[in-house]
Amino acid sequence: MSSENLPQSPEQQRRKPRVAVVFGGRSSEHGVSIVTAGAILRAIDRTKYDVLPIGITTDGRWALTADEPERMAVTDRRMPTIEEIAESSDGAVVLPVDPGNREVVYSEQGSVPKALGEVDVVFPMLHGPYGEDGTLQGLLELSGIPYVGAGVLASAVGQDKEYMKRVFISYGLKVGPYEVIRPREWKLDPAAARKKIVDFAGEHGWPLFIKPARGGSSMGITKVDSLEGLDDAVEEAQRHDPKILVESLLRGREIECGVLEFEDGPRASVPAEIPPVTAHDFYDFEAKYIDSATGIVPAPLTPEQTAEVQRLAVEAFDAVSCEGLVRADFFLTEDGEFVINEINTMPGFTPISMYPRMWQESGIGYQELVDRLIQAALNRSTGLR
């Protein structure tokens, strides 16, 4: 039985919808997820919703956390962890796997499990593998609990840059040159894998960007100017993902565009531009989250360029069968062509992040944006759709 067909109990009809905000996680973007969740918790309208904050530790334990967004911030250039804000070092939150039961349970060693009440919708503020890649979405589908954002397939494709690009190409979207090095290639014959990268550089030129194929927040990315730094770059990328992506440098302007799903379909925000970051080689993790480098909203584009990047952003959203929201990232090359770099199915979501800023400039403020996403998820069934 799909979640939309479940009869509402009298208690459900009386109470406010309960939103479980899930954050943290096992990926290297653990801290980024917590910072983002803190902003979401501040923005949720408590007169409309009850909120249940659930943190996932770096080893995968689901922990009950205090509803204290002020503790979920970067402090002295250091990201927070779930272990620091969990209410117990051994307690665990358990989601039901029965679509007919949405009651969440909390248990601690030596104590009787405690019911936390039913959850009506999950806001999965997880970034990277084990959360943004379809794994959590699959669990929620099995549980029959609606959730914000892309479904299983779109989340998985949106996380794996290789298959994302393959889908874009099949839909006629322009992507930049790239090469994939799979784990067994580097492990079994590193010399051949190295030659594959060098041949790619010979065709497209140095520098190259070596990055985790299924990473995010610019973590694990190295700009390599010659063969000398290649092995170290591969090692750094493989700390985050054994499969790596090799990309050539695209010269041009970095343009981003937000997509939000409305009842009549997806619409694009005004675009933004990420200007060159003088203190960094590129728009890396520290530039984004530690030094808070920011973009120009709206991007200084012609009306024709704005319309084109908005059209392409919606096409990318549809190509991957996304739901809810997406941030689409492009390069505007020196010859005036938009090349899509990637999409992000759960983009950074602090008030200063690019996705909310683009929608702010498009007429939808941060709190309204959060509310729209929750309402859309509440009105969407789980299962095939």
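Strand S1 (residues 18-24) is tucked away: 7 of its 7 residues are buried, so the strand is largely enclosed by the rest of the structure. Keep in mind that this is a predicted model. Let's start with the sheet that S1 belongs to, then look at a loop, the annotated sites and a cavity.

**The sheet around S1**
- S1 is part of an open sheet of 4 strands, which run in the order S3-S2-S1-S7 with mixed pairing.
- At the edges sit strand S3 (62-64) and strand S7 (121-125), and each of these pairs on one side only.
- Going from one strand to the next, the twist averages 30°.
- What holds strands together in a sheet? They pair through backbone hydrogen bonds, in either a parallel or an antiparallel way.

**Who pairs with whom**
- S1 and S2 are parallel partners, joined over 7 bridges.
- One residue to look for in this pairing is Val22, whose bridge partner in S2 is Ile54.
- On to the next pair: strand S2 (residues 50-56) meets S3 in the antiparallel sense, over 3 bridges.
- Ile54 turns up here too, standing opposite Leu64 in S3.
- A handy rule when you look at side chains: in a regular strand they alternate between the two faces of the sheet.

**The loop between S2 and S3**
- Gly60 is found in the loop that links S2 and S3.
- Is Gly60 buried or exposed? Neither label quite fits, because its relative accessibility is 25% and that counts as partly exposed.
- Try finding Gly60 and Lys114 together: they are 54 residues apart along the chain, and their C-alpha atoms are separated by 20 Å.

**Annotated sites**
- The unreviewed UniProt entry has an "active site" annotation that covers Glu29, Ser217 and Ser353.
- Where is Ser353? Look in the loop between strand S16 (338-344) and helix H12 (354-361).
- Ser353 has a relative accessible area of 13%, so it counts as buried, for which the cut-off is under 20%.

**The cavity**
- How many cavities of 30 Å³ or more does the structure hold? There is 1.
- The largest cavity has a volume of about 60 Å³.
- Its lining includes Pro124, Leu126, Gly131, Glu132 and Gln137.
- Also among the lining residues are Val148, Gly149, Ala150, Ser155, Thr345 and Met346.
- Sorted by class, the lining of the largest cavity has 5 nonpolar, 5 polar and 1 charged residues.

Technical notes: Residues numbered from 1 in each chain as written. Predicted model: local features only at pLDDT ≥ 70, side-chain atom pairs only at ≥ 80, totals over all residues. Heavy atoms only, no water. 1 Å grid on protein atoms, 1.4 Å probe; cavity = no way out; pocket = protein on both sides within 12 Å on 5 of 7 lines; lining within 4 Å. Points joined across faces, edges and corners; volume = space filled by probe spheres on them. Nonpolar A, V, L, I, M, F, W, Y, C, P; charged D, E, K, R; others polar. UniProt positions renumbered as here; feature names shortened; annotations may be inferred. Helix = DSSP H or I, 4+ residues; strand = E, 2+ residues; numbered from the N terminus. Buried < 20%, exposed > 50% of the residue type's maximum accessible area, 1.4 Å probe, protein only. Pairing = 2+ DSSP bridges. Axes fitted to C-alpha atoms, helices over the stretch in contact; angles between N-to-C directions.
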